[in-house]
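Visitor: I'd like a close look at one loop residue, and then a walk outward from there. Could you take me through it?

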Amino acid sequence: MAPSGPGSIRRRCRRVLYWIPVVFISLLLGWSYYAYAVQLCIVVCLMAYHLLFAMFVWSYWKTIFTLPMNPSKEFHLSYAEKDLLEREPRGEAHQEVLRRAAKDLPIYTRTMSGAIRYCDRCQLIKPDRCHHCSVCDKCILKMDHHCPWVNNCVGFSNYKFFLLFLAYSLLYCLFIAATDLQYFIRFWTNGLPDTQAKFHIMFLFFAAAMFSVSLSSLFGYHCWLVSKNKSTLEAFRSPVFRHGTDKNGFSLGFSKNMRQVFGDEKKYWLLPIFSSLGDGCSFPTCLVNQDPEQPSTPAGLNSTAKNPENHQFPAKPLRESQSHLLTDSQSWTESSTNPGKGKAGMSNPALTMENET
């Protein structure tokens, strides 16, 4: 066996360092259990406390150890296409290879320059909402962000678990702060006996109150993202479609946006069990809703008539797992009354390749 080089040693050290935030949260959670259940030991609250503790740990575990999903094989280039990309100079040959490869794929988003979203490192055409994670060194489906507190990428496969982790951790901290408040007040008024427990009570309240503030803002932000059907990356940089940038391009309305993340069966919404809709590679779009924050089209100008490529619904058929979200939406109603636009959107424009790693 060949000896490990300096690069391999550095990678192993980084992997160990990445687990430090997870170990910190785990130790803090273990101490909070000891301080509350053993030292404070409010008997009437222990049942509710253990329920929140169990849901917190369960959702945290699922967020950490659920592997991020990667694009399916159909988005990978064939060996012949890879060989063409390596041998030919960057130009029309590359454009033709990517046009042929992306012709039948359910992709609607482009780069800022209008090119097909291609990853050089993974050698694949990126599905919609997929991004390359520099930490994991992989393309992650519907990537939201890489979270150091779970040492994992938050994406399509574990975004619901991440939301539940935020929700139950917030409830856990609020519950501790609320039930510990009276003892915290007695600590400062010298109403507690001088034992070791009084210091656990004081620090337990401080930790719970501090984390409640930060978690409430983070959880509220992600609730807003779900309501708008956005990821964190899409909130900072709006997705680009063939008709241009549209920050609400994936939004289907509050109810359908919720169902896309939590699923159709409400009995699973509060449990860290995977129930999200779709396969993570294709998503329905709703391009007929005008952004209320943007100015309306001036009178006498009809951008849709001037630009037939500005279609009002996806150019390619949605996968069966996603299409039912739009069965009663305005986009399909308009498609039935104006079938010509659907045909106009079936051809891909001439696209150039742009590296996004």
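Buried or exposed: which does Lys 142 count as, going by relative accessibility?

Guide: Lys 142 counts as buried, because its relative accessibility is 11%. The cut-offs are under 20% relative accessible area for buried, over 50% for exposed and partly exposed in between, with a 1.4 Å probe and protein chains only. Before we go on, a word on the model: it's predicted, so local features need pLDDT of at least 70 and side-chain atom pairs count only at pLDDT 80 or more, while totals for chains, interfaces and linings use all residues. Residues are numbered from 1 along each chain as its sequence is written, and side-chain values use heavy atoms, leaving out hydrogens and water.

Back to Lys 142, which sits in the loop between strand 5 (138–140) and strand 6 (145–147). Strands here are DSSP runs of E, at least two residues, and helices are runs of H or I, at least four, both numbered from the N terminus. Lys 142 isn't a glycine, yet its phi is positive, about 45°. Most residues other than glycine have a negative phi.

Gln 123 makes a nice companion: another non-glycine, with a positive phi of about 55°. Its loop runs between strand 2 (116–119) and strand 3 (124–125). Gln 123 counts as partly exposed, because its relative accessibility is 25%.

Next door in sequence there's a cysteine to check. Cys 122 is in no disulfide (a pair of cysteine sulfur atoms within 2.5 Å); the nearest cysteine sulfur belongs to Cys 139, 3.6 Å away. In fact, a search of the whole structure turns up zero disulfides.

One more positive phi follows helix 7: that of Asn 229, near 55°. Helix 7 (residues 197–228) has 32 residues, so at 1.5 Å a residue it should span 46 Å, and its end C-alpha atoms are indeed 46 Å apart. That expected span is 1.5 Å times one less than the number of residues.

Helix 7 also meets helix 9 (residues 254–262): their axes come within 7 Å and cross at roughly 110°. The pair is therefore roughly perpendicular. The contact (heavy atoms within 4.5 Å) involves Val 226, Ser 227 and Lys 228 on the helix 7 side, with Phe 254 and Met 258 among the helix 9 residues. Axes are lines fitted to C-alpha atoms, for helices over the stretch in contact, with angles from 0 to 180 degrees between N-to-C directions. Under 35 degrees is roughly parallel, over 145 roughly antiparallel, 65 to 115 roughly perpendicular, and the rest oblique.

Ser 255 belongs to helix 9. Ser 255 counts as partly exposed, at 47% relative accessibility. Its C-alpha is 8.0 Å from that of Ser 227, 28 residues apart along the chain.

For a contrast in geometry, try helix 2 (residues 20–40) and helix 3 (residues 46–65), whose axes come within 12 Å and cross at roughly 170°. These two are therefore roughly antiparallel. Helix 2 residues including Leu 29, Tyr 33 and Tyr 36 meet helix 3 residues including Phe 53, Phe 56 and Tyr 60.

Zooming right out, the protein chain has 13 helices and 10 strands, and buried residues make up 47% of its 357 residues.
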